[in-house]
Amino acid sequence: MNRTFIKLLISLSASSLLATSALAGIDEGKTTYDTLCGGCHGTGALNAPVLGNAEQWKDRVAQGISVVEQNAIKGLKMMPPKGGNPSLSDEQIIDAVAYMLSALDAPANVVNTAAPVSSAPVQPVVKANTANTFNRLLKGGKEEWNPDPADDGIHDPDHEESYYLQSPKEAFEGLPESRYGNHVDWVEALATSAINPRFDRLDADKKPFVLDLNIVREVKGSMPNVVYPHKQHTEWLDCSNCHPAIFTPKKGANQISMASIIMGQQCGVCHGKVAFPISECRSCHSQKKEVAAK
Amino acid sequence: MKALHFSSPFVFLAILLISLFMVDSAQAEYGDIVINNYSDDAGMRPAVFPHWFHRVRFRCKVCHADLGFKFQAGGNDINMLKIIDGEFCGACHNGEIAWSIENCGMCHSGIPGTPIQVHGSTLQQLVTPNKKATAGDK
């Protein structure tokens, strides 16, 4: 049943774009497995679920791949954190788990499974990790937002000062939330004075010159039109940040497309990096339009 | 300045879909920047600049207009001499506006070997798979 679910995810994310990197991850995962995890998971020592035994993994996988990965990282009852080797990175553990779960898809290893699921003409190994990735990202729950610097994958956890740095979770306490990015609605935070960032390095009282001018960009197709608001931008930015380097200051004078935004140009210079990310379609595509029925 | 175009709508869609699900995958705080043009070679941990922390205190304009930080991770050729002369980070980390430069480890806190990046950026998530996609598409 879980496997059907995984298969569904696979077919959804059947994009071969991810396949190559996924394979590399599984290969590395196998190395970690062979040198460490196999000690218990190869034999079932301490009642560890055995590699390839679908029956023993069924209920575990049902918790969601991200839970399983977290349990492997943090430890679970007799399962030591990171299999007992704290010097392994979270990434390595996740790869090892991906390898272990991929083994569930290899028919030769499957013990005690009901009718084999018909196999798509894709390599099983690839599928499992593609599905993991997909699944993991879908479920990225609230606990995973705004990690402490020392656990965030770029600050060195073996460095004392990493622990002096402020945790974003703590700093964002009480700020209005959003769904992506920092998970803070920065426009709202500023409008409600929940934060009061300086407009001048030294002078705390200097006020920005706010230009209240909306530019509507009509969008072909089904997506709502884009309303570009100068107001929210000039609260934060100077005219020279956009004009003329990014945009010629003339309505309609700039050719803007979604593809180039995603590639980090135009609106994508800031959105998808520091300002709210591209996944917030409706924040930009905010003006309803009459959709002619065809 | 010619805008990018993708010849197939599918590629565009694929990119969009991936971007949607990848954006959330980044672990570190969105917008954290790793600056590592020289640090690794000099035996220092890479510098990590937390955008979120600074934007609570300063608007973008202060750094990106007044202090002249270009919108490009690793694109400002920052070094310690410029910093002690009051440029870039040194405009504030001078013992007056913020703690001073002796606190090396506060800035140089990255995992050694971490490449220059904007953490959690769409682009960071897309570049590799996308290159493959467009190559096949041409």
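This is a short talk through one structure, from its overall layout to some of its side-chain contacts.

Okay, hi everyone. Before anything else, please keep in mind that we're looking at a predicted model.

Let's start with chain A. It has 294 residues, and 43% of them count as buried. In secondary structure terms, chain A comes to 12 helices and two strands. If you walk along from the N terminus, you go through eight helices in the order α-α-α-α-α-α-α-α, then β-β, then α-α-α-α.

One helix I'd like to pick out is α5 of chain A, residues 90-102. Is it enclosed or not? Well, 10 of its 13 residues are buried, so α5(A) is largely enclosed by the rest of the structure. Among those buried residues are A:Ile93, A:Ile94, A:Val97, A:Tyr99, A:Met100 and A:Leu101, and A:Asp95 is on the list as well. The length works out too: the expected span is 18 Å, and the end C-alpha atoms are 18 Å apart, which agrees.

Right at residue 90 there's a salt bridge to look at. A:Asp90 meets A:Lys82, with 3.0 Å from N to O. A:Lys82 is buried, at a relative accessible area of 14%, while A:Asp90 is partly exposed at 23%.

That's one of eight salt bridges found over all chains. Now for two that involve chain B. B:Arg45 and A:Asp156 meet at 2.8 Å, N to O. This pair crosses between chains: B:Arg45 is in the loop between β1 and β2 of chain B, and A:Asp156 is in the loop between α6 and α7 of chain A. On the chain A side, A:Asp156 is buried at 7%; on the chain B side, B:Arg45 counts as partly exposed at 26%.

The other one is B:Arg59 with A:Glu235, where the closest N and O atoms are 3.0 Å apart. B:Arg59 lies in the loop between α2 and α3 of chain B, and A:Glu235 is in helix α9 of chain A, so this pair joins two chains. Here B:Arg59 is buried at 9%, and A:Glu235 is partly exposed at 23%.

Now the aromatics. How many aromatic pairs are there over all chains? The search finds six. Take A:Phe172 and A:Trp186: the centres are 5.8 Å apart and the planes are at 90°, so that pair is edge-to-face. It links distant parts of the chain, with A:Phe172 in helix α7 and A:Trp186 in helix α8, 14 residues apart. Both rings belong to buried residues, A:Phe172 at 8% and A:Trp186 at 7%.

Over in chain B, B:Trp52 and B:Phe53 are edge-to-face as well, 5.7 Å centre to centre with 80° between the planes. B:Trp52 is buried at 4%, whereas B:Phe53 is partly exposed at 25%. And here's how these fit together: A:Phe172, A:Trp186, A:Trp236, B:Trp52 and B:Phe53 form one aromatic cluster.

There are charges over rings, too. The charged end of B:Arg57 sits over the ring of B:Phe53, 3.7 Å from its centre. Going between chains, the charged end of B:Lys61 sits over the ring of A:Phe199, 4.2 Å from the centre.

Last stop, the surface. A:Phe209, A:Leu211 and A:Leu213 form a nonpolar patch there, with about 280 Å² of accessible area together. A:Leu211 is in the loop between α8 and β1 of chain A, and it's partly exposed at 30%.

That's the tour, thanks for listening.

Methods. Residues are numbered from 1 along each chain as its sequence is written. Chains are lettered from A and ligands numbered from 1 in the order in which they are written. This is a predicted model: local features need pLDDT of at least 70, side-chain atom pairs count only at pLDDT 80 or more; totals for chains, interfaces and linings use all residues. Side-chain values use heavy atoms; hydrogens and water are left out. Patches are made of residues with over 30% relative accessible area and no salt bridge: like charges are joined within 9 Å, nonpolar side chains (Val, Leu, Ile, Met, Phe, Trp, Tyr) within 5 Å. Accessible areas come from the Shrake-Rupley method with a 1.4 Å probe; for residues, only the protein chains shown count as cover. A salt bridge is a side-chain nitrogen of Lys or Arg within 4 Å of a carboxyl oxygen of Asp or Glu. Helices (H or I, at least four residues) and strands (E, at least two) are DSSP runs, numbered from the N terminus. Buried means under 20% relative accessible area, exposed over 50%, partly exposed in between (1.4 Å probe, protein chains only). Rings of Phe, Tyr and Trp (its six-membered ring) pair if their centres lie within 6.5 Å; planes under 30 degrees apart count as stacked, over 60 as edge-to-face and the rest as tilted. A charge sits over a ring if NZ of Lys or CZ of Arg is within 6 Å of the ring centre and within 35 degrees of the ring normal. The expected span of a helix is 1.5 Å times one less than its number of residues.
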